[in-house]
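Please open the structure in your viewer and keep the selection panel at hand. The tour below moves from one selection to the next and says what is found at each stop.

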Amino acid sequence: MEKDADGFYTPKAEAAAPLVQDENKDAKEEEQPQAAASSNTDLIASTFEVTVTLADQQADPNSPLFSAKTFEELGLHQDLLKGLYDLGFSKPSKIQERALPLLLANPPQNMIGQSQSGTGKTAAFVLTMLSRIDFSKNKTQALCLAPSRELARQIMSVVVAMGKFTPVQTEYAIKDNLPKGASRITAHVVVGTPGTMTDLLRKKIIDASDVKVFVLDEADNMLDQDGLGDQTLRVKNLLPRTGVQIILFSATFPDHVRNFASKFAPSANKIELQREELSVEGIRQFYMDCKNEEHKYDILVSLYQLLTIGQSIIFCQHRHTADRISKRMSAEGHKVASLHGAKDAAERDSIIDNFREGHEKVLITTNVISRGIDIMQVNMVVNYDLPLMNERGNQHSNDAKPDIETYIHRIGRTGRFGRKGISINFVHDSKTWLQMEEIEKTLNKKIIRIETNDLDEMEEKMKKALK
Ligand SMILES: Nc1ncnc2c1ncn2[C@@H]1O[C@H](COP(=O)(O)OP(=O)(O)OP(=O)(O)O)[C@@H](O)[C@H]1O
């Protein structure tokens, strides 16, 4: 596929032709000679199944037209293929295989896409944004929203890396990131969080008149009426009424947002996971039976050696818990970092960057980075507090419900793209027991006990799980 006279990268519907031919010619997955030798694509054993429902009910979702075994078949511009190879991507992952032909087809259609954590959803929507931009126009054409600044920054790094060989211009819509006095953003792609994005659109700093792709990453979270739903809807209402392809991606779409998602992205093609398929195979889930709240802290400290073999993320329900245990551990000579939403923007950026670069090995945090964050070296996640539903009063009530979606996202910070990982839940009373049991039941996945008083057994079990 070439750029047309206007400099527009067109993911033409003709891409369908070679797609069918290749599929018939040879069902084998061929190695791409151009692809980087270091590619780790073989790590992704696609054991999970997705259900594809096309907006066009006459079409057969299992047609080879709607699946692509190679990036070349997709008719991606060669500058994007170069970007992919430069990143070491040699062939599409399962979600990319199924989603990209639908996302890139013309005329553009909305998409609601679900696949497990760490399976490559970002590349699917980033390639779509980059493919639809007319680089000859200095106008904003793609917007992407994420629930946290950390995730927005990570998505931006993928846009920049995949677009390395294109003339793409990018800008953030996150707090404290715009140059002072900026009065106009003309970047092709703007990635941000909903509050700041609304602000920039309202003030006409971003002119939305040419926007043709609107992506919500972690879409169930972005649409949740108890959370970011209102702000996200405000952004949508500031975009052109027609001609915008709406793309929603997440590893989870709980029932209470599915309806709203279908209204938000009407007539969307849908890719869905079965509920039993939600948690990733490579993540071994454990629990430790702690005596009480204080014992949880002692156990965490005793785990420190193991936490630092690779990198670990410790999730707490509240900011003050994250601060308290990180201060205490630091005072006792352990090197840990803590990150939560009450820290200022610059500090948040430097904490996550340090962790990403491996300067810190243990990060104590809250749900703020439970979603989307992709750091391959993280091989352990600890639920110091189990995630609980965020209903008013619920967290402290005796029948507080576990937040299954957040649990899936939290443990999904490990076991990325076919790697092995461990998650450990701390339970310490009958309430937390019941909550963990509910998680186990809902996900239909055994959570294995590890003794808190036998460090050797613990280490052995964990090392085995990571093999
Ligand atoms: N085709 C590919 N080949 C090689 N690596 C890939 C490919 N696609 C994605 N990856 C890598 O897999 C990792 C996980 O991808 P990504 O962060 O997009 O997952 P995700 O599905 O968005 O997860 P989450 O639900 O947690 O947000 C990233 O490090 C990415 O670089």
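A polar contact here is a pair of N or O atoms within 3.5 Å, where, within protein, one atom must be able to donate a hydrogen and the other to accept it, and residues adjacent in sequence count only if both atoms are side-chain atoms. This is a predicted model, in which local features need pLDDT of at least 70 and side-chain atom pairs count only at pLDDT 80 or more, while totals for chains, interfaces and linings use all residues. Residues are numbered from 1 along each chain as its sequence is written, and side-chain values use heavy atoms, with hydrogens and water left out.

Begin with the ligand and select Arg-413, which places a polar side-chain atom 3.0 Å from a ligand oxygen. Add Arg-416, where a polar side-chain atom lies 2.7 Å from an oxygen atom of the ligand, and then Lys-121, whose side chain has an N or O atom 2.7 Å from a ligand oxygen. The protein buries 93% of the 650 Å² that the ligand exposes when taken alone (accessible areas by the Shrake-Rupley method with a 1.4 Å probe).

Next, widen the selection to the 22 residues that surround the ligand, the closest including Gly-118, Thr-122 and Asp-374 (a heavy atom within 4 Å of the ligand). This shell divides into five nonpolar, 11 polar and six charged residues, with Gly counted as polar and Asp, Glu, Lys and Arg as charged.

Now colour domain 1 (50-277) and domain 2 (283-391 + 398-466) separately, with bounds taken from an automatic or database domain assignment; each domain gives at least three residues to the shell around the ligand.

Finally, look between the domains, where about 1,900 Å² is buried, 49% of it from carbon and sulfur atoms (the accessible area, with a 1.4 Å probe, that two parts lose on being put together, summed over both). Select Glu-150, Gln-154 and Arg-275, which supply 30% of the area that domain 1 buries against domain 2, more than any other three residues. Six salt bridges are counted between the two domains (a side-chain nitrogen of Lys or Arg within 4 Å of a carboxyl oxygen of Asp or Glu).
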